[in-house]
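Got your viewer open? Set it to a cartoon view and keep the selection box handy, and we'll go stop by stop.

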Amino acid sequence: MRFVLLGAGVFAASLLTLHGQVGVPSSLPLPVLVAVAAVAGVTAWHARRSWWPLAVVGAVTYVWLVMWPPLMVASFHAGRTLSRRGLLAYGGGCVAVCGVSALAGGWLGGLREMMTATLGNALLTALAVMGLPLVAGLWARARHEVLEAAKERAERLEREQVMRAEQARTQERARIAREMHDVVAHRVSLIVLHAGALEVRTSDEETARAAALIGGIGREALTNLRDVLGVLRSPRQEALDADVRPPPTLGDLDRLLDQSRALGITVTRHDEGEPRPVEATVERTAYRVIQEALTNVHKHAGNAGTDILIRYGTGQLEVEVRNQAPHAPRDDVPGAGWGLVGLRERVELLGGTLRTSADDGGGFLVSARLPARETSSR
């Protein structure tokens, strides 16, 4: 529709120019003038595909009849589309058209000679007909490129914002999954084990039934928790350790060991080296390693004796949890299955290493080595 209106406008302006309303009147018959104006209008409408026919018609009609509308529109399109080399060539063509038009004006005389014969008049006419539209086309192209660049930049920033938001959501989901496993699963496992011990040891039938009910509910809660963790954890996890969580450290370790001892497990703690304050993230990770290892002992090794070693070395902190061979392995406590995987992620995020291995005698070892710089206070 835009080019249809453009063609109609060029036709009307060309016809007015040939009649002398806004240009040099022509002595040609009216049907010929209408045909020339119609050709100019059709080439202007065709400019949506190629504007070169319009430029040719504009050059010919300007030299022949001083009909300027087609050449003005062609100059505008040249500024919109041509490269630097093309613009130089087009400018040379415009100079040639002006020169030929000036020669024709001097030969024909009259009003046409006044407009084009002298150098000053020819330059002013060329500036009005070709120069200003060319500059307008260059400005329109520059504005279009700036707007397109701004639009592309806005779309890229929007895509990057969406990606960052998705990454943040993935990391937060992974952090929640780790915390749920480390805290909730550990506590519920202890509840199930306590309920099982109470069910076996009590002589009261009603208490035994209540303990069995508590144990069943706990096992169901662990199964549901495993399903929730499966939803939260992403296949490719790039989660970072969070600094806003409550900080259980090695100072809370004795309370954790006492909980395990209350279940009938013999837990012995050994400290080597001179204890010193280290980063909170290192202590938190060391605590989680011991917590997960003890949880696995409760679930899979029954009341097997367990030794815990904390070694303060130069620039590093080592923790080892070694349990003896179980007398009667327990397989009735469901687990999420990601405990050691989560531990390895935690340790490697700090630049440490985690090693797990089974002993020949049936025991199991979990060993973590963490880089630890000394801090001024705990």
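Here is a short tour, from the whole chain to a few helices.

A word before you click: this is a predicted model, in which local features need pLDDT of at least 70, side-chain atom pairs count only at pLDDT 80 or more, and totals for chains, interfaces and linings use all residues. Residues are numbered from 1 along each chain as its sequence is written, and side-chain values use heavy atoms, with hydrogens and water left out.

**Stop 1: the whole chain.** Colour by secondary structure and you should find 11 helices and 5 strands; these are DSSP runs numbered from the N terminus, helices being H or I with at least four residues and strands E with at least two. Of the 378 residues, 40% are buried (under 20% relative accessible area with a 1.4 Å probe, protein chains only). Among contacts (heavy atoms within 4.5 Å) with a separation of 6 or more, 71% join residues 24 or more positions apart.

**Stop 2: helices 2 and 3.** Select residues 30–45 for helix 2 and 52–65 for helix 3. How far apart are their axes? The answer is 8 Å, with a packing angle of about 155°; axes are lines fitted to C-alpha atoms over the stretch in contact, and angles run from 0 to 180 degrees between N-to-C directions. The pair is therefore roughly antiparallel (over 145 degrees). Now show side chains: V36, V39, A40, T43 and A44 of helix 2 meet P53, L54, V57, T61, W64 and L65 of helix 3. By class, that contact has 9 nonpolar, 2 polar and no charged residues (Ala, Val, Leu, Ile, Met, Phe, Trp, Tyr, Cys and Pro count as nonpolar, Asp, Glu, Lys and Arg as charged, the others, Gly among them, as polar).

**Stop 3: helices 3 and 4.** Keep helix 3 and add residues 69–81, helix 4. Here the angle is about 140° and the axes lie 7 Å apart, which makes helix 3 oblique to helix 4 (neither under 35, nor 65 to 115, nor over 145 degrees). Helix 3 brings L54, A55, G58, A59, T61 and Y62, and helix 4 brings P70, L71, V73 and A74. That contact divides into 8 nonpolar, 2 polar and no charged residues.

**Stop 4: helix 10.** Jump to residues 280–300. Is this helix largely enclosed or largely exposed? 18 of its 21 residues are buried, so helix 10 is largely enclosed by the rest of the structure. Finish on G302, which follows helix 10 and has a positive phi, near 65°.

Technical notes
Expected span 1.5 Å × (residues − 1). Buried < 20%, exposed > 50% of the residue type's maximum accessible area, 1.4 Å probe, protein only.
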